[in-house]
Amino acid sequence: MSHHTARLVVVMGVSGSGKTTVGRLLAQRLGVPYAEGDDFHPASNVAKMRAGHPLDDEDRRPWLDEIARWLTGHADSGGVVACSALKRRYRDRLASAAPRVFFLHLDGSPELIAARITARRGHFMPPELLRTQFADLEPMGEDEAGAAVPIDGTPEQTAALAHAAVTSP
């Protein structure tokens, strides 16, 4: 398997930034499995968010541990997982489990993302929690393996930018 197809990628960003849509498209382009980060949340986390309460670091610990296990299990074959990874310490936790991980930050304005969240149906994350996600978001440091990709285009355009960022030398 080539270096590019065996990439481990965490598609990160606030809720509503397109992690699921772009993550699936990117995984298809790379020919690797995709995992939905929301599926790793314990039921207690989903209930807390559904009730309009933001998660704290202790809530996120078992969730991040499960995502780290998934990354470790896909270290040889590669994979793409959607995970907000808003704080540096969360990304550090994931990178410690999978040193080759590449963080792809889906970056957009609060106004654009709020409009997307308001339009979507059937997701447990209420729009009211978007403010807390932007407050928690810590931009990637220069020493972190990753790139930010703007999300103001179509999902396909964003996925193309994501693919270029992940596969560039």
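Select Leu161: this residue is partly exposed, with a relative accessible area of 43%. The model on your screen is a predicted one. Leu161 lies in helix H7, and that helix is where the tour begins.

**Stop 1: around Leu161**

Keep Leu161 selected and add Val149 and Pro150. Leu161 is in contact with both Val149 and Pro150, if its neighbours within four places in sequence are left aside. Pro150 is 11 residues from Leu161 along the chain, and their C-alpha atoms are separated by 8.2 Å.

**Stop 2: the whole of helix H7**

Now select residues 155-167, which make up H7. How many ångströms should the 13 residues of H7 span at 1.5 Å a residue? The expected span is 18 Å, and the end C-alpha atoms of H7 are 18 Å apart, which agrees.

Within H7, colour Thr158, Ala159, Ala162, Ala165, Val166 and Thr167, which are buried. An α-helix has 3.6 residues a turn, so residues three or four places apart point the same way. Keep that spacing in mind while turning the view.

What covers the buried residues of H7? Show these elements, which are among the cover:

- strand S1, residues 8-12
- helix H1, residues 19-30
- strand S4, residues 101-107
- strand S5, residues 146-150

**Stop 3: two residues of H7**

Select Thr158, which has its place in helix H7. Is Thr158 buried or exposed? Thr158 has a relative accessible area of 3%, so it counts as buried, since the cut-off for buried is under 20%. Leaving aside neighbours within four places in sequence, show what Thr158 touches: Val22, Leu106, Val149, Pro150, Ile151 and Gly153. Val149 and Pro150 are also contacts of Leu161.

Next select Ala160, another residue placed in H7. Ala160 has a relative accessibility of 34% and counts as partly exposed. For a view across the model, draw a line from the C-alpha atom of Ala160 to that of Arg116. The line is 20 Å long, and the two residues are 44 apart in sequence.

**Stop 4: H1 against H7**

Show H1 and H7 together. Their axes are 9 Å apart and the helices pack at an angle of about 55°. H1 and H7 are therefore oblique to each other. Their crossing is right-handed. To see the contact, select Thr21, Val22, Leu25, Leu26, Arg29 and Leu30 on the H1 side. On the H7 side, select Pro155, Glu156, Thr158, Ala159, Ala160, Ala162, His163, Val166 and Thr167. Coloured by class, this contact of H1 with H7 has nine nonpolar, four polar and two charged residues.

**Stop 5: Ala148 in strand S5**

Go to strand S5, one of the elements that cover the buried residues of H7. Select Ala148, whose place is in S5. Its relative accessibility is 48%, so Ala148 counts as partly exposed. Add His105, Asp107 and Met140, with which Ala148 is in contact once its neighbours within four places in sequence are left aside. Phe102 is 46 residues from Ala148 in sequence, and the C-alpha atoms of the two are 11 Å apart in space.

**Stop 6: the loop between S3 and H4**

Move to the loop between strand S3 (79-82) and H4, and select Ala85 there. At 0% relative accessibility, Ala85 counts as buried. What is phi of Ala85 near? Phi is near 45°, a positive value in a residue other than glycine. Most residues other than glycine have a negative phi.

Lys87 has its place in this loop between S3 and H4 too. Lys87 is buried, with a relative accessible area of 12%. Apart from neighbours within four places in sequence, Lys87 is in contact with Asp57, Asp136 and Glu138. The C-alpha atoms of Lys87 and Gly146 are separated by 14 Å, with their positions 59 residues apart along the chain.

**Stop 7: H3 against H4**

Finally, show helix H3 (residues 57-73) and helix H4 (residues 88-97), which pack at an angle of about 30° with their axes 9 Å apart. H3 and H4 are therefore roughly parallel to each other. H3 passes H4 in a right-handed crossing. In H3, select Asp57, Arg60, Leu64, Asp65, Ile67, Ala68, Leu71 and Thr72. These residues meet Arg89, Tyr90, Arg93, Leu94 and Ala97 in H4. By class, the contact of H3 with H4 has seven nonpolar, one polar and five charged residues. Asp57 was met at the previous stop, as a contact of Lys87.

Conventions: Residues are numbered from 1 along each chain as its sequence is written. This is a predicted model: local features need pLDDT of at least 70, side-chain atom pairs count only at pLDDT 80 or more; totals for chains, interfaces and linings use all residues. Side-chain values use heavy atoms; hydrogens and water are left out. Axes are lines fitted to C-alpha atoms, for helices over the stretch in contact, and angles run from 0 to 180 degrees between N-to-C directions. Helices (H or I, at least four residues) and strands (E, at least two) are DSSP runs, numbered from the N terminus. Angles under 35 degrees count as roughly parallel, over 145 as roughly antiparallel, 65 to 115 as roughly perpendicular and the rest as oblique. A crossing is left-handed if the near helix is turned anticlockwise from the far one by less than a right angle, and right-handed if clockwise. Contact means heavy atoms within 4.5 Å. Ala, Val, Leu, Ile, Met, Phe, Trp, Tyr, Cys and Pro count as nonpolar, Asp, Glu, Lys and Arg as charged, and the others, Gly among them, as polar. The expected span of a helix is 1.5 Å times one less than its number of residues. Buried means under 20% relative accessible area, exposed over 50%, partly exposed in between (1.4 Å probe, protein chains only).
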